[in-house]
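Please open the structure in your viewer and keep the sequence panel beside it, so that each selection can be followed as it is described.

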Amino acid sequence: MVKTGIIGLGRMGRYHLNLNDEMAESNLQMLCDADSAVRDAVSGNYNYPMTGDFTEMLKKVEAVTIAAPTKYHFEIAKKCLEEGKHVLVEKPITTNIEQATELFNIAAKKNLVLHIGHVERFNGAVQELDNITDDPYLIESRRVGPYNPSFGNDSIVLDLMIHDIDIILNMVNKDIRSIQAHGNCVYSPKPDFASVIIQFEDNCVATILVSRVTQKKDRTMSISQKGAFIYLDYTTQDINIYREAREGKEFGVKELKYKNEYMYEKLFVYKDNPLKMEIKHFLDCVMGKQCRNVTVEHELRSLKVALKVDELLTGSNGNKIEVKV
């Protein structure tokens, strides 16, 4: 059991609180939020000590979860690491690759666990991808949903698309030849939707569509590879595989009909709460029961690519960049 604390009690912070409260691996010691109204609201449902200053909890905990706004991540995480605390920080870890590198260097020097909260890595369907993907040549990802004014000032890339970038980079694991990005603003000062094309050195192409202005929520990915079409639904954690497809035509008296035949497989996936699995993995790493499931190099690469895409969408570098990362 690990003595833990949570910093930031907004939407994601409360998800972390709910799960830490019920997990045997976590021994919650204190909660922190800078807003007294938030602390009061949470204290009505939980009987944990509260503070508005996260440094007050550092003598009482071994590990912290940071779910504060992104702009405070670096300052908070650096202080926690310097005080010898293991850290799980919600994505993105920072909006600056140099700051992210500095945090991982501090963690390595002090032999501490530093994890970024990429919850989709722990989606049961995503965890099956390594077992079924083999040299894909086309990946299409779609992560869309309706507008929420609370996130209007957030980068759609660092808030939403970074999940898909992270998964695709782990799947393809090749250098990137080029990135193209297009998007536009609808309700907020930053792009509310974006379409991105990433071309890899082996000619694999990944297209990623993200939107926070689409009325139907949709979280899917499809993968085309030799002999198979793989369709993943993040929400249901289902994977369907289509093989040996054949197209045909039937000529009727008044019409031409097309048919498509294929072998269909529905993959059995172990389903659990991905955030719960993420927290458990972090705490198991703290206790020495597991090793981190991705390398630090991959963590930094995902952030680096996401920041490049974000830069393209702002128009400061046009909409296309030739890059190797």
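The tour below moves from a sheet to a hairpin, then to a surface patch and to some single residues.

The model is predicted, and local features are reported only at pLDDT of at least 70, side-chain atom pairs only at pLDDT 80 or more, while totals for chains, interfaces and linings use all residues. Residues are numbered from 1 along each chain as its sequence is written, and side-chain values use heavy atoms, with hydrogens and water left out.

**The open sheet**

Begin by selecting the six strands that form an open sheet with parallel pairing, in the order β3-β2-β1-β4-β5-β6. At its edges are β3 (50-51) and β6, each of which pairs on one side only. Strands, like helices, are DSSP runs numbered from the N terminus (E, at least two residues, for strands; H or I, at least four, for helices), and two strands count as paired if DSSP finds at least two bridges between them. As general background, strands of a sheet pair through backbone hydrogen bonds, either parallel or antiparallel.

Next, select β1 (residues 2-7), where five of the six residues are buried, so this strand is largely enclosed by the rest of the structure. Buried here means under 20% relative accessible area, exposed means over 50%, and partly exposed lies in between, computed with a 1.4 Å probe and protein chains only.

Add β2 (residues 26-32), which runs parallel to β1 and is joined to it by six bridges. The chain travels from β1 through helix α1 (residues 11-22) to β2, and this β-α-β crossover is right-handed; that is, with the strands pointing away from the viewer, the path from the first strand over the helix to the second runs clockwise.

Now centre on G5, which stands opposite M30 in β2 and has V64 as its bridge partner in β4. β4 (residues 63-66) is parallel to β1 and connected to it by four bridges. Continuing outward, β4 pairs with β5 (residues 86-90) in the parallel sense over four bridges, and there T65 has L88 as its bridge partner.

**The hairpin and its neighbour**

Move to β9 and β10, which run antiparallel and are joined by seven bridges; S195 is partnered with L209 in β10. Four residues lie between the strands of this hairpin, in which N203 takes a positive phi near 75°. Then select β7 (residues 138-144), which runs parallel to β10 (residues 205-211) and is joined to it by seven bridges, with L138 opposite V205.

**A nonpolar patch**

Show the surface of V186, Y187 and F193, which make a nonpolar patch of about 300 Å². Y187 belongs to the loop between β8 (176-184) and β9 (193-200), and Y187 is exposed, with a relative accessible area of 56%.

**R121 and its contacts**

Which side chains should be displayed around R121, in the loop between β6 (114-117) and α5 (124-127)? The side chain of R121 makes a polar contact of 2.8 Å with that of D166 and another, also 2.8 Å, with that of E299. A polar contact is a pair of N or O atoms within 3.5 Å; within protein, one must be able to donate a hydrogen and the other to accept it, and residues adjacent in sequence count only if both atoms are side-chain atoms. At 9% relative accessibility, R121 counts as buried.

**S36**

Finish at S36 in helix α2 (residues 36-43), which counts as partly exposed at 40% relative accessibility. A distance drawn between the C-alpha atoms of S36 and M50, 14 residues apart along the chain, should read 9.5 Å.

How values were computed. Patches are made of residues with over 30% relative accessible area and no salt bridge: like charges are joined within 9 Å, nonpolar side chains (Val, Leu, Ile, Met, Phe, Trp, Tyr) within 5 Å. Accessible areas come from the Shrake-Rupley method with a 1.4 Å probe; for residues, only the protein chains shown count as cover. A salt bridge is a side-chain nitrogen of Lys or Arg within 4 Å of a carboxyl oxygen of Asp or Glu.
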